[in-house]
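Student: I would like to look at how two parts of one chain meet. Could you show me the model?

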Amino acid sequence: MHATSMHFKSRAAEKLADGDLRAALDGLKRRFVPARAAAIAELDDFEAVREAAAEIRDRALEHLDFFLEAFERNCTARGAVVHWAETWADVNAIVVAIARDNGVRKAVKSKSMVSEECALNAALEAAGIAVVETDLGEYILQLGHEPPSHIIAPVIHKTRDQVSDLFAAKHASPRKTDIGELTREARERLRPHFLSADMGITGANFIVAETGSTLIVTNEGNGRMATTLPRVHVAITGIEKVVPTLEDVATLLRLLPRSATGQSISNYVSLTTGIRDAAELDGPEQFHVVLLDGGRSRILASEVRAILRCIRCGACMNHCPVYQSVGGHAYGWVYPGPMGSVLTPSYLGLENALDLPHAATLCNQCGVVCPVKIPLPGLLRKLREQQYERGLRPWHERMALAGWARLAAHPRLYALATSLAAKLLCWLGGHERRIARLPFGRGWSGGRDMPAPAGKTFRALYGKQD
Amino acid sequence: MRVGLFVTCLVDLMRPRIGFAALELLRSAGCEVIVPRTQTCCGQPGYNSGDRAGAKRLAQKLIAEFEPCDYVVAPSGSCAGMIRTHYPELFSAAPDWQARVRALAERTYELTDFLVRVAKLATVAGEFRGTVTYHDACSGLRELGVKAQPRALLAKVKGLALTEMDEAQACCGFGGTFAIKFGDISTRIVDAKCERIAATGADAVVLGDLGCMLNIEGRLRRRGEARMQVLHVAEVLAGKTREPS
């Protein structure tokens, strides 16, 4: 996907001014935040399940090579083919080659964020292969030529009215406003594609080492059709998604739908193992699993390794005050919100996402809702440190930090400087005791006053009192 | 017990009476209070902005200053959280400092947390005629578990009634340098907080951290809300809401 992650600030400013987006984001928050809280409350001991889930993800990452090889062995034994892709371009080349080898003219896709990383649709189209997104949200985005703005609710930035207009224009049909009718219209358009497609492309929420299976969690049933109807099924996912056993998957599934949409369990949990047997009526003749590194092994060896535990529930963004204010497109790449602010600089390079590690208040609301206990604020801080060390922050910011550290290390100088600052701020505050325009903080005083101090520091007053 | 009061740089500069309120509360709880003269900053601005080395130097200074005390208390969840939860991480690669850091971190408390759980303060001097609502500052709440403690103490204030706002636990949008770097996003976040505060109809919003205080008060005033008081919990408990700040 084309990255605009360098332009977070300007994109965020545009998004703040968008009234429709604001209404849509309010809706997201009102829906997902209480739903998650209620679903988590169903668990007897959320903290214990969370602890177990984090341990499962850590164990998989600790022995990643072992579990991936076990997965390949078990997957191959059931007639599937495992492909290893080092880069996004490798994924595209592998999928295009599979399509060509099998004379594929049309592919139906279930939702896959990894395919967004790779910009797979564009690669397939360039090779003359039609691609149809079948997740309702992704289908809407494909019609409107937009990228997703959320990892599980990709079209959350759009209002119903906007979708009505889009369907009326693209389907050349009477404009509908009822959500049920809109959905039915999409379903009628999609059904023939499922029946005529030669290839089904899906992601995988997990891959299971023990059985060689891939697993997807969906609500619309399109994923199940994409894995069973076409003669070729391709599942694409990252190497970090491996989980040792089915038992482990069961633990993770107690948390994934609850954290994501507030459902005890999603409408569909599809476990796909091997190809159609001779005695079976359904299922693909070929099953290919494409496993992408794409920077993951580099992250595995880095300070932000814990981000690889991520199970893509989206709870961090649903609860993030910054995401709730600007939405997903401002972040400029596939993954938005706190997890995206760690992943985007890690995949694309720190220098290509300078604002993202700083685009957080470090309130840790993300950290406390994360089902696999990723210390997101801590990881953002690590990236900030790397930026600082590599000189990737503006000079005035580095000067200010260095100046502060020096000043605060010299108590006498500090006492003098702060007593002067107290006097200056007091004077700037005037009668109303508030400063409407800060000399060196227009970011602050653009939106709020600075309450002015009374003119003497605690230190000075305490010294007199003694 | 000898309690070292870490005044914090923002209280020192912006609202000294909070420091004096904290001092009185600790004394009324029977503590011998020491205010190390050379104290400055805990290093949090550097730590959160990537200047790990600068943060470490200030942390070493603070540790040396407060080591002789039985406890360290700060009228701020974020500064207490810095010492208690982040200092050990900051020195994770310095085994020679680990024991000292951990020993101090364990003895460091946010003010209301200390008054309730350690000093077991029974009564407070403050009186407040009116209704207040309490904003939970992020670090105090999510790093230190400060939630019931300030409310338990406010319940002892004569005349005071507490009305909870919606999403009291939601961030106010301050985030240290975030409010300067991303002023417009921060304004959107604090606007939501101001609306929830106003919806309670309270006379004052009470909180435990200076950053949130400056942010919320600054935004309320810019929105033209002159009546709503923004008070630190120490000021209310010690009855220092009317003296010069």
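Tutor: Between domain 1 of chain B and domain 2 of chain B there are 10 residue pairs in polar contact, both residues at pLDDT 80 or more. A polar contact is a pair of N or O atoms within 3.5 Å; within protein, one must be able to donate a hydrogen and the other to accept it, and residues adjacent in sequence count only if both atoms are side-chain atoms. This is a predicted model: local features need pLDDT of at least 70, side-chain atom pairs count only at pLDDT 80 or more, and totals for chains, interfaces and linings use all residues. Residues are numbered from 1 along each chain as its sequence is written, chains are lettered from A and ligands numbered from 1 in the order in which they are written, and side-chain values use heavy atoms, with hydrogens and water left out.

Student: Which helix gives the largest share of the side of domain 1 that touches domain 2 in chain B?

Tutor: That is α5(B), with eight residues; helices here are DSSP runs (H or I, at least four residues), numbered from the N terminus.

Student: And where are the domain bounds in chain B?

Tutor: Domain 1 covers 2-117 and domain 2 covers 127-238, from an automatic or database domain assignment.

Student: How many salt bridges cross that interface?

Tutor: The rule finds three, a salt bridge being a side-chain nitrogen of Lys or Arg within 4 Å of a carboxyl oxygen of Asp or Glu. The side chains of B:Arg17 and B:Glu235 form a salt bridge at 2.4 Å, N to O.

Student: How far apart are the C-alpha centres of the two domains of chain B?

Tutor: They lie 22 Å apart.

Methods: Helices (H or I, at least four residues) and strands (E, at least two) are DSSP runs, numbered from the N terminus.
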